[in-house]
Amino acid sequence: MSTPGVLTFTQQAWEQVLAKVKRAVVYLDAACAESLHWGCGSSRLLEAVGNSACYLREFEPAAVGGGAEQPKAVFVLSCLLKGRTVETLRDIICRSHFQYCVVVTAVNHAVHLTANHVPPAAAAELEGQQPVFEQLEEKLCEWMGNMNYTAEVLHVPLLLACAAPHLALTPAFASLFPLLPQDVHILNRARSDKRRLGNLAEVDATTLTPELLLTIRCLVSGLSSLCEHLGVREECFAVGSLSRIIAADLANFAPAKNRRKTATGRASVVFVDRTLDLTGAVGHHGDNLVEKILSVLPQLPGHTNDVMVNMVELTALQAEEENQNMVAPGCLAQSNDPAAKALWEALLNTKHKEAVMEVRRHLVEAASRENLPIKMSMGRVTPGQLMSYIHLFKNNLKALGNHCGLLQLGLATVQTLKHPQTAKWDNFLAFERLLLQSIGESTMSVVLNQLLPMIKPSNQRTNDDYSPEELLVLLIYIYSVSGEFSVDKDLGEGEEKVKKALAQVFCEESELSPLLQKITGCDSSINLTFRKSRSAVDELFTSLRDIAGARNLMKQFKSVYVPGNHTHQASYKPLLKQVVEEIFNPERPDPVDIEHMSSGLTDLLKTGFSMFMKVSRPHPSDHPLLILFVVGGVTASEAKMIKDLVPSLKPGTQGLPEAQEPQNSNPSCVGGVEGRLAISSLFPSSDEGGEWKRRWLRSLPRGSGSVGEGGRSGCSSHLSPTPRLTATLSGGRPTPAPEWKEPFKHTRILLLLSPTHHLYRRLRSRGE
């Protein structure tokens, strides 16, 4: 039996679904399809259906119903069974001939009670009962036309899409994004003058709209199921206003109380608002190949985590534009191909140059195994060289089948290296570095004046000039990295010039990109007047001011800008890096901006006693499991940064000689958690139950005897390193442990989650 982990959480959830789909028509919504795509692949679902005439369909109002020869249907949904979702279910079933319907929802029954306005006290009395699901089952039979037909409604926690060992995504929450100051004004519209909110610090769950509150509760439901699977009782922490609300909701989630009483493990869950640092989301300082692939290749339809890879080069068709849609595209997710999965993980975890060399190595080894006539060439890896290796597989169907996943990743690399946008990456990076120096030496108005000459209409732009979408990326970078700044007459004039130039450029675009359509509210450039364009630009700059002031309420994490000096240039320090460094600070100071969310009377008493006794407040590094949840998305570079950062902060990580095992071997286990989702195999936690505890005990009166030396044991077992993962982290070289008075407890896993369910894309690529 597999040890409980995040991968097994996803796999076991899908096994429950697959057990229901035999000989059925299967309808999936986009979020569940994406979870399946990264988790076990559509081929696993096709095998479970076991019918040559298998039908997989998207869950939408226009979906085709089932014919007379299709009596069974399974609906796999990521959302609440309410409103339009139920209407779509009714429409599909009524135009079909189903006699057996199964509806699977990723949202548990307790949240359905909340959505149906059942008071908490009444919901508590219904524990063990599922009246909402039972009522829907009756409706399903009614829509099928016979109350004797079979209907089932069940909850399965299909929360995660596991993109990599150190990165898991939550596809169902694409619309969930942290609040900005202007959102306070929107919330105030529904409040009386006496109850108006002053700033984001005053926003809590009672002030949110019912729709947003339900979305948060659905996310909390899934996270609670994850903690139940891991067998842990979680402590919740937050950095940012929306993160605080989510963390508080998880800490006080009523259905989790019984689960926490019996949990044997402990975990810290830290939520971080993306809006506190958008510099990392739009910047080009990340030297990562995957980040470039996601930025330049077209999006896979229905997905936000994957791209389309043009596979025409492996066919006899000419590589013409009209032929590109004749062949099904490739993708990055290769859940059933161990070799391709190992390459994908290597691309995520290495720098650009090393990743390209890794692609060449995998292609050469695959060609050698198939006895293909490969010509070795040393030196710099070029797109042409990689393409010559890929073409070796073109007329060999067996080799194509054996290495299809690897070839898709190889083609994705080649197409990215040859893409015109990749050539502009260094230009962006150079300008961003120039901006960093200017921000420290000049006022914001001077910085905006540097940008002004780059704003050119389409008839004056060359390939090296910036498009409107790319200019917006640079503006977000400028305002986010600058943070709070003084507003004066010069700034007003500088912004006015940029606004006017941008509005004019928008009007002169021959075709509006999807992003410009959304910003201006016009689907065609013909309908876009200067007045509409200027109004849209004014709103855009209001948002930019909000982005600049997003960290105003922070005390410790107030800046991501590091000024230059005589020896170092000005630089950008990611907020996520600051948060992780603070969590693993060996001095364990009380967190200033990492706020702990109390889950009951015990936590409140602990916090209160800490004010007048030497009792340590709850700290994110207290427990052997840390889950880092970024509300709003992450980049591949940020995920790599955290993975590389943790071992450097915790030098007690030990490497083993046998750590050179190949990465395509079976996943190892890290302290009882599957290594596939461990961002770090071993890194020491802080002095849990150690020195602070002894000081507290010494402060008690002699003979009290109320608490012994082992009164707060924390994690009861030490974790052993795993060969495969420690190789990745420390290169197989033993690292001497620092001097401490007692051995470290070890943190098992650091999981990075993104509720916007995508690896952050550049706005410049397609205006998304």
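Helices (H or I, at least four residues) and strands (E, at least two) are DSSP runs, numbered from the N terminus. The model used in these exercises is predicted.

**Exercise 1.** Locate serine 96 and decide whether serine 96 is buried or exposed.

Solution.
- Step 1: serine 96 sits in the loop between helix 4 (84–94) and strand 4 (100–105).
- Step 2: the relative accessible area of serine 96 is 12%. Buried means under 20%, so serine 96 is buried.
- Step 3: the serine 96 side chain reaches the backbone oxygen of isoleucine 92 at 2.6 Å.
- Step 4: leaving out residues up to four places away in sequence, serine 96 touches Gly65 and Gly66.

**Exercise 2.** Classify the aromatic pair of phenylalanine 271 and phenylalanine 629, and place both residues.

Solution.
- Step 1: the ring-pair count comes to nine aromatic pairs.
- Step 2: for phenylalanine 271 and phenylalanine 629, the centres are 5.3 Å apart with 40° between the planes, and the pair is tilted.
- Step 3: phenylalanine 271 belongs to strand 9 (residues 265–273) and phenylalanine 629 to strand 13 (residues 625–631); the pair links distant parts of the chain, 358 residues apart.
- Step 4: both phenylalanine 271 and phenylalanine 629 are buried.

**Exercise 3.** Do the same for phenylalanine 428 and tyrosine 466.

Solution.
- Step 1: the phenylalanine 428 and tyrosine 466 pair has 5.0 Å centre to centre and 65° between the planes. Planes over 60 degrees apart count as edge-to-face, and the pair is edge-to-face.
- Step 2: phenylalanine 428 is in helix 20 (residues 425–441) and tyrosine 466 in the loop between helix 21 (444–451) and helix 22 (468–482), so the pair ties together parts 38 residues apart in sequence.
- Step 3: phenylalanine 428 and tyrosine 466 are both buried.

Conventions:
Residues numbered from 1 in each chain as written. Predicted model: local features only at pLDDT ≥ 70, side-chain atom pairs only at ≥ 80, totals over all residues. Heavy atoms only, no water. Buried < 20%, exposed > 50% of the residue type's maximum accessible area, 1.4 Å probe, protein only. Polar contact = N/O pair within 3.5 Å; in protein donor to acceptor, adjacent residues only side chain to side chain. Contact = heavy atoms within 4.5 Å. Phe/Tyr/Trp six-rings, centres within 6.5 Å; stacked < 30°, edge-to-face > 60°.
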